[in-house]
Amino acid sequence: MQLKATLPIFLLLYSLVAYGQQPAQYSLYMMNQLNWNPGYAGLEHSLSVTGGFRQQWVGLEGSPSTQFISAHLPLYVASGGVGLHLENDELGAEKMTTSILSYNYQIFSEAGILSFGISGGLIQYTLDGSLLRTPDGSYSEPGFINHEDDLLPLSAVSTSANTFGAGIYFQNEKIEAGLGVRHLNEPIINLESLSIPLKRAFFLNLGAHFEISSRLSLHPSMLVKSDLTQTQTDISLIARYNDNIFGGVAFRGYNTNSIDAASVIVGFKLSENLNLYYAYDLTLSDLNTVSNGSHEIMVNYNLNKRLGAGRPPRIIYNPRSL
């Protein structure tokens with residue numbers, strides 16, 4: 001069977017073995033911490049809206065494609081912040097659309113801001129059986145599909161499940177660190193003949209901010225993702241010049257078995273409120289023989305204005321890694 005025909009089923013089986021469809025991957029992870037930690041909501045001390053698109057492993061049929069939009073703002077009257085994250089992640093014949101609401105409680109001190117967050121939402125999961133091909137199946141195009149496997153649907157089927165998360169986040173003017181967990185309740189996707197468990201996914205991030213001169217600053221960061229069985233690590237170093245031009249490099253992997261990609265990151269401050277980011281991943285894994293790399297773009301809008309009533313924090317830091 002040709003790769004074109006078997007790839008969708010390969011991607012499906014890979015995702016089922018690796019705890020369902022894995023959390024979407026981002027090279028610009030440092031630009032949207034709310035995605036994986038509800039403790040970050042409101043820590044930019046204004047309305048912040050980020051949207052993005054990622055096309056992974058370009059040239060490989062059925063490769064992951066992800067779109068998202070996140071919005072969050074401080075809620076001083078409740079001593080915290082609130083956020084909303086919407087994400088659509090497609091992988092082969094799978095599609096997972098997630099809607100997550102977040103809230104956190106923030107404690108301010110001379111050392112920094114410590115935030116405790118919770119989140120909850122809905123996962124809409126779709127499996128399009130018409131896109132699957134099995135080695136022993138019978139397919140007469142158009143229309144006739146027989147996978148010769150009772151577990152696989154013949155057409156698109158979908159279902160939904162609730163998901164919950166939590167996180168803790170610390171931030172001051174020099175460092176930031178957070179630990180978040182997704183799928184805290186380990187929801188199960190129940191289709192007509194398949195049950196797909198979504199295991200807890202943990203996200204640990206570390207970041208620092210160094211002012212080299214009045215015009216140049218450096219921002220190293222790291223994100224570790226794990227379900228306690230599989231672990232992946234991203235590290236990056238971003239330089240920002242004159243507060244409006246920035247660029248850097250990133251690397252994904254921590255040993256010979258986990259090496260995935262090296263990334264080039266650039267960005268521009270388009271206006272006082274608008275920033276644009278782009279990352280190109282050079283594939284370093286064995287997929288580099290069939291893939292032309294990955295592309296990712298994000299746009300962030302920050303109102304740069306305090307919202308709502310109530311007591312504002314005594315100290316406001318610049319929290320963004322860029």
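**Before the views: what "buried" means.** A residue is called buried when its relative accessible area is under 20%. With that cut-off in hand, Asp-260 is buried, and so is Arg-252. Keep in mind that this is a predicted model.

**Figure 1. The whole chain, before we zoom in.** Here you can trace 1 helix and 19 strands. Buried residues make up 49% of the 322 residues in the chain. What about contacts across the sequence? Take contacts between residues at least 6 apart in sequence: 57% of them join residues at least 24 apart. On the outside, the chain exposes about 14,900 Å², and carbon and sulfur atoms supply 61% of that area.

**Figure 2. Arg-252 and its acidic partners.** Side chains of opposite charge can pair when their charged atoms come close. Arg-252 does this with Asp-234, and the closest N and O atoms are 2.8 Å apart. This pair ties together distant parts of the chain, since Arg-252 belongs to strand S16 and Asp-234 to strand S15, 18 residues apart. Arg-252 also forms a salt bridge with Asp-260, this time with 2.9 Å between the closest N and O atoms. Why is Arg-252 called buried? Its relative accessible area is 1%, and the cut-off for buried is under 20%. Asp-234 counts as buried too, because its relative accessibility is 3%.

**Figure 3. Lys-225 joins in, and the network spreads.** Asp-234 has another partner: its side chain meets that of Lys-225 in a salt bridge (3.3 Å, N to O). Are Lys-225 and Asp-234 buried or exposed? Both are buried. Step back a little and you find a network of salt bridges linking Arg-54, Lys-225, Asp-234, Arg-252, Asp-260, Asp-281 and Glu-296. For the wider picture, a search of the whole structure finds 9 salt bridges.

**Figure 4. Ser-27, a serine tucked in a loop.** Ser-27 sits in the loop between helix H1 (3–17) and strand S1 (48–55). Don't let the word "loop" fool you: Ser-27 is buried, because its relative accessible area is 1%. Which side chains make polar contacts with the side chain of Ser-27? One is the side chain of Asp-281, at 2.7 Å, and another is that of Ser-263, at 3.5 Å. Leaving aside neighbours within four places in sequence, Ser-27 is in contact with Arg-54, Arg-252, Ser-263, Ile-265, Ala-279, Asp-281 and Glu-296. Some of those names should ring a bell: Arg-54, Arg-252, Asp-281 and Glu-296 are among the members of the salt-bridge network.

**Figure 5. The largest nonpolar core, with Leu-28 in focus.** This core has 18 residues, and Leu-28, Met-31, Ile-265, Tyr-277 and Met-298 touch the most other members. Strands S12 (201–208), S16 (245–252) and S18 (274–283) each supply at least two residues of this core. Now zoom in on Leu-28. Not counting residues up to four places away in sequence, Leu-28 touches Ile-265, Tyr-277, Tyr-278, Ala-279, Glu-296 and Met-298. There is also a second, separate core of 14 residues, including Ala-93, Leu-132, Ile-189 and Leu-191.

**Figure 6. A nonpolar patch on the surface.** Not every nonpolar side chain hides away. A surface patch of about 950 Å² is made by Leu-75, Val-77, Tyr-103, Tyr-105, Ile-107, Phe-116, Ile-118, Ile-168, Leu-179, Leu-204 and Leu-206. Which strand gives the most to the nonpolar patch? That is S4, with 3 residues. Strands S4 (94–108), S5 (113–128) and S12 each supply at least two residues. Val-77, by contrast, comes from the loop between strand S2 (65–75) and strand S3 (80–91). Val-77 counts as exposed because its relative accessible area is 65%, and the cut-off for exposed is over 50%.

**Figure 7. Thr-98 in strand S4.** Look along strand S4 and you'll come to Thr-98. Thr-98 counts as buried, because its relative accessibility is 12%. If we skip residues up to four places away in sequence, Thr-98 touches His-85, Leu-86, Glu-87, Leu-122 and Ile-123.

**Figure 8. Gln-230, in between.** Gln-230 is in the loop between strand S14 (216–226) and strand S15 (231–241). Its relative accessibility is 37%, so Gln-230 counts as partly exposed. The C-alpha atoms of Gln-230 and Ala-201 are separated by 9.7 Å, with the two residues 29 apart along the chain.

Methods:
Residues numbered from 1 in each chain as written. Predicted model: local features only at pLDDT ≥ 70, side-chain atom pairs only at ≥ 80, totals over all residues. Heavy atoms only, no water. Core = buried A, V, L, I, M, F, W, Y, C linked by side-chain atoms within 4.5 Å. Buried < 20%, exposed > 50% of the residue type's maximum accessible area, 1.4 Å probe, protein only. Helix = DSSP H or I, 4+ residues; strand = E, 2+ residues; numbered from the N terminus. Contact = heavy atoms within 4.5 Å. Patch = residues over 30% accessible without salt bridge, like charges linked within 9 Å, V, L, I, M, F, W, Y side chains within 5 Å. Areas by Shrake-Rupley, 256 points an atom, 1.4 Å probe, with all protein chains shown as cover. Salt bridge = Lys/Arg side-chain N within 4 Å of Asp/Glu carboxyl O. Polar contact = N/O pair within 3.5 Å; in protein donor to acceptor, adjacent residues only side chain to side chain.
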